[in-house]
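Reader: I should like to examine the terms applied to this model and the values behind them. Please show me the structure before we begin.

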Amino acid sequence: MTEEEQQLAALRERAVAELATIETTDGLDEWRLRYLGRERGELSAILKGLGRLPGDQRKQVGQAANLVKVELEGLAETRRGELRAQERAAALEREQLDVTLPGRPITRGHMHPLTRTTRQIAEIFERMGFQTFQGPEVETDYYNFQALNIPQDHPARDMQDTFWVLPGQILLRTQTSPNQIRIMERMRPPVRAIVPGKVYRSEATDASHEAVFHQVEGLLIDETCTMSDLRGVVERFAHEMFGANRKIRFRPSYFPFTEPSAEFDMDCINCDGAGCRICKYSGWLEMGGSGMVHPKVLRGVGYDPAIYRGFAFGLGIERIAMLRYGVEDIRLFSENDLRFLSQFR
Ligand code: DAH
């Protein structure tokens, strides 16, 4: 055996022995460079040195070196396969998912209590044949006051001071009642409409007053219609909203756009009329205003009061929501405090 052949045999033995101790593919790459690398590999060094040998030896050693090269490469690939499989198994072990862990809940949004109440109110009236409309919050003096028989200098305006967009002409509506006019201008009787929405008043804020709040307007116009129909509709509403035992009472009142006018109360849902803090010891809760639509208002929209008559009413939505949910401060509805709002999930 020539010196080169002995060198080759020793190299092969060393390489094979080392290969068995390699535990990572990185280690294997490094091993490969060391023995089989083109530039600095030990085997390449031997191959490069072949030129110095006499012709017959050159061929013999060359063939032997090639055999070693092929063998080592084969062994390296086999080892690589084993190491890859090991590494994959280890990664799987590390990345194991515990699918039995409870998920993190996604908190879903929900309706604002006033929206919910508004929809409940609308549903009740819809079952009685009323249709739900919307109207503009920025209103003209004409619709908000004049067409409702509240002329420029009428004292009824004092209770409804508001925010003016164009003083004397354009304002933020103080009531949903202007929609009575807007609806009658657009439809012929019979009319059964409700209009929920925001209203605005320049109001000192306290636990039961806000400068922005919500009303729902009701309007029914037909050839035959009496105050007892009004009473029936209001009573039915109270029963559906607050339970079949609720009682309603009407008190005479004054509104420029109705004649006669009445305010209606419901017996206190907290004390059933006995008297408590909620009803200020009267046994009754104020619910809204109402009346038979004034003939002047009917004439103003081109309805003949000799043929048509009707009733109208207005309810405060916050008031209803406060009673339904036992909320004692109206300001909670607009403060956007999640501790309050998330109770209405
Ligand atoms: N708009 C009135 C207010 O805000 C409430 C009202 C009273 C509405 C009588 C009506 C009605 O439709 O007939 O105080």
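The exchange below concerns the ligand shell, the nonpolar cores and one buried residue.

Author: This is a predicted model, in which local features need pLDDT of at least 70 and side-chain atom pairs count only at pLDDT 80 or more, while totals for chains, interfaces and linings use all residues. Residues are numbered from 1 along each chain as its sequence is written, and side-chain values use heavy atoms, with hydrogens and water left out.

Reader: Why is M322 called buried?

Author: Buried means under 20% relative accessible area, exposed over 50%, and partly exposed in between, with a 1.4 Å probe and protein chains only. M322 has 13% relative accessibility, and therefore counts as buried.

Reader: Where does M322 lie, and which residues is M322 in contact with, leaving aside its neighbours within four places in sequence?

Author: M322 belongs to helix α10; helices (H or I, at least four residues) and strands (E, at least two) are DSSP runs, numbered from the N terminus. Contact means heavy atoms within 4.5 Å, and on that basis M322 is in contact with A207, V327, E328, D329, I330 and F333, once neighbours within four places are set aside. The C-alpha atoms of M322 and S208 are separated by 9.7 Å, although the two residues are 114 residues apart along the chain.

Reader: What makes a polar contact between S177 and the ligand?

Author: A polar contact is a pair of N or O atoms within 3.5 Å; within protein, one must be able to donate a hydrogen and the other to accept it, and residues adjacent in sequence count only if both atoms are side-chain atoms. A polar side-chain atom of S177 lies 2.9 Å from a ligand nitrogen atom, so the pair falls within the limit. For Q215, the distance to an oxygen atom of the ligand is 2.9 Å, and for Q180 the distance to an oxygen atom is 3.0 Å.

Reader: How much of the ligand does the protein bury?

Author: Taken alone, the ligand exposes 350 Å², of which the protein buries 91%; accessible areas come from the Shrake-Rupley method with a 1.4 Å probe, and for residues only the protein chains shown count as cover.

Reader: What makes a set of residues a nonpolar core?

Author: The set must consist of buried Ala, Val, Leu, Ile, Met, Phe, Trp, Tyr and Cys residues joined through side-chain atoms within 4.5 Å. The largest such core has 42 residues, of which F125, F237, M287, F311 and L315 touch the most other members. Helix α8 (227-242) gives this core its largest share, seven residues. A second, separate core of 23 residues includes L148, L171, V293 and V301.
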